[in-house]
Amino acid sequence: MENIIEIEDLNLYYDQFHALKNINLDIPEKTVTAFIGPSGCGKSTLLRTLNRMNDMITGTRIEGSVKISGSGIYGKDVFVEELRKRVGMVFQQPNPFPKSIYDNIAYGPRLHGVKNKKKLDEIVEESLRQAALWEEVKDYQKRSALSLSGGQQQRLCIARALAVEPDILLMDEATSALDPISTLKIEELVQELKEKYTIVMVTHNMHQAARVSGRTVFFLNGEVVEADETNTLFSNPRDARTEDYISGRFG
Amino acid sequence: MIRRKELDNDLEQLRSLLVKMGEHVVEALDGAVTSLKSLDCVKAQEIIHADAKLNLMEEEIMDIGSRLIVTQQPVAKDLRRILVAFKISSDLERMGDLALDVAKATLRLQGEKLIKPLIDIPQMSSIVKVMIEEAITSYLDENTDLAYKMAQDDDQVDQLYSQILTELYGHMRNNPDSLPQALLLTLVGRYIERIGDHATNIGESAVYLVTGKRPDLNQ
């Protein structure tokens with residue numbers, strides 16, 4: 001399996017604060033990787049370096065290299081918009097645009113130049129199908145996305161991310177604001193999506209990491225303590241700090 | 001390290017139940033072999049009656065362990081502690097049944113005289129009792145060296161068992177009237193040898209608890 005993401009000697013500073021320390025991590029393509037760790041450990045910061053969301057935070061300084069499909073993403077010749085098309089992101093709170101369901105999905109493809117109505121229809125349907133939302137909304141595509149339930153809105157956001165055909169989908173606590181049934185639907189969806197996409201998720205829910213991911217990375221104080229097969233990490237971690245954290249004995 | 005009060009208390013309870021089960025098995029084996037040596041049927045009956053307690057303790061371990069899995073969602077070593085408690089309690093319960101079988105042999109021989117004074121069977125039983133104690137200690141202290149040492153004890157038990165078989169086959173050949181009792185005594189040897197195997201299983205569980213890997217000490 002190819003490593004689609006290669007992180008080498010990565011250090012990130014928010015002004016004086018050293019938020020990520022010497023991160024070396026490879027993520028194979030078409031897998032689900034979970035980042036776990038206590039608040040402030042750097043897991044979300046690392047996730048955001050993967051589509052340069054940290055660029056928007058002033059005072060951020062990055063050293064080292066992040067490569068996606070072999071190319072550095074912090075080079076001067078990199079178009080951030082193009083990068084974010086390849087590396088989609090879903091956030092903790094569903095954030096649909098105040099537009100119709102259809103227009104939410106068509107937004108990205110239109111931005112990238114797709115004008116043909118038939119083609120757009122196809123993309124919208126395919127994206128909603130992949131996000132397991134098509135059957136629930138196919139007859140209401142003109143309705144406001146804001147009329148959907150929280151769980152549906154989150155799947156809509158996933159569909160919106162998929163509409164521009166990314167390679168990687170980043171999920172930043174994407175189910176923490178959802179009820180258990182919606183959470184389960186998204187977890188099942190993630191299992192299907194990994195056939196086509198590489199998924200990296202940050203989760204505070206360790207049992208979700210255990211259920212959903214193939215690999216888990218444990219972060220502490222801006223460092224990667226342990227990265228391993230999820231089954232190994234949760235059944236027989238190598239590092240005592242990992243064991244303490246996953247057993248709920250951290251502190 | 002933060003203590004998880006309910007989980008830790010219940011894990012401690014699992015440990016103490018296993019210790020109690022271990023003590024019970026040692027007493028049962030000791031009592032059963034003593035009853036056989038002196039053909040003391042009253043003693044044998046006591047052993048048989050006491051077995052129900054062991055079964056109850058196994059059930060209690062199953063109940064506590066499954067409740068912990070459901071309510072506390074343990075992982076890593078916490079989970080292994082529970083899995084190991086299930087496995088060890090099942091081994092101990094089986095060991096109790098085998099001790100009970102030895103006691104039943106005493107009842108079968110009621111009114112008879114032993115064809116020979118029992119020497120090797122009590123000796124085998126002494127080694128097995130030590131093995132049970134070692135097994136429980138290796139689990140309690142998470143002492144893998146002790147667990148591996150038990151494999152050597154088990155070899156000694158196997159050797160004695162084979163000696164018993166040879167001797168009893170001799171009796172059967174030379175004195176066909178002794179056949180039913182000799183056959184019964186070979187079974188007793190077999191029961192005690194099996195108790196030893198279960199003790200090494202417990203040693204394996206101790207190694208699994210510590211390392212997450214399963215060795216085979218029964219080779």
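Before I begin, one definition: when I say that two residues are in contact, I mean that their C-beta atoms, placed from the backbone, lie within 7 Å. What you have in front of you is a predicted model, and I would like to start where its two chains meet.

In that sense of the word, 13 residues of chain A are in contact with ten residues of chain B. On the chain A side, helix H9, residues 230–235, and helix H10, residues 240–246, each supply at least two of the residues that touch chain B, and the largest share, three residues, comes from H10(A). If we sort that side of chain A by class, we find four nonpolar, six polar and three charged residues.

Let me now turn to chain A by itself. UniProt, in an unreviewed entry, lists residues 5–246 of chain A as "domain: ABC transporter". In the model, that span is 37% helix and 27% strand, and the C-alpha atoms at its two ends lie 25 Å apart.

Towards the start of chain A, strand E1, residues 3–14, pairs with strand E2, residues 17–28, in the antiparallel sense over eight bridges. Within that pairing, Leu12(A) has Leu20(A) in E2(A) as its bridge partner. E1(A) and E2(A) form a hairpin with two residues between them, and in the turn Asp15(A) has a positive phi of about 50°.

Chain A also holds an open sheet of six strands, which run in the order E6-E7-E8-E3-E9-E10 with mixed pairing. Which strands stand at the edges of this sheet? They are E6(A), residues 87–90, and E10(A), residues 223–229, and each has a single partner strand, so one side of each is left without a neighbour in the sheet. From one strand to the next, the twist averages 20°.

At the E6 edge, E6(A) pairs with strand E7(A), residues 168–172, in the parallel sense over four bridges, and there Met89(A) stands opposite Leu170(A) in E7(A). Helix H6(A), residues 150–162, packs on the sheet and touches both E6 and E7 of chain A, and its direction makes about 170° with that of E6(A).

H6(A) has a helical partner as well, namely helix H7(A), residues 180–193, with which it packs at an angle of about 20°, the axes being 9 Å apart. Angles under 35 degrees count as roughly parallel, and H6(A) and H7(A) are therefore roughly parallel to each other. Their crossing is right-handed. Among the residues that meet here are Gln154(A), Arg155(A) and Ile158(A) from H6(A), and Lys185(A), Ile186(A) and Leu189(A) from H7(A). Taken by class, the residues of this contact divide into three nonpolar, four polar and two charged.

Finally, chain B. Here UniProt, again in an unreviewed entry, lists residues 18–105 and 121–205 as "domain: PhoU". The span 18–105 of chain B is 93% helix and 0% strand, with its end C-alpha atoms 27 Å apart, while the span 121–205 of chain B is 92% helix and 0% strand, with its end C-alpha atoms 27 Å apart.

As one example of helix packing in chain B, helix H1(B), residues 5–37, and helix H2(B), residues 41–72, pack at an angle of about 160°, with their axes 10 Å apart, and that makes H1(B) roughly antiparallel to H2(B). The crossing of H1(B) and H2(B) is left-handed, and the residues of their contact divide into 14 nonpolar, seven polar and seven charged.

How values were computed:
Residues numbered from 1 in each chain as written. Chains lettered and ligands numbered in written order. Predicted model: local features only at pLDDT ≥ 70, side-chain atom pairs only at ≥ 80, totals over all residues. Pairing = 2+ DSSP bridges. Axes fitted to C-alpha atoms, helices over the stretch in contact; angles between N-to-C directions. UniProt positions renumbered as here; feature names shortened; annotations may be inferred. Nonpolar A, V, L, I, M, F, W, Y, C, P; charged D, E, K, R; others polar. Parallel < 35°, antiparallel > 145°, perpendicular 65-115°, else oblique. Left-handed = near helix turned anticlockwise from the far one by under 90°.
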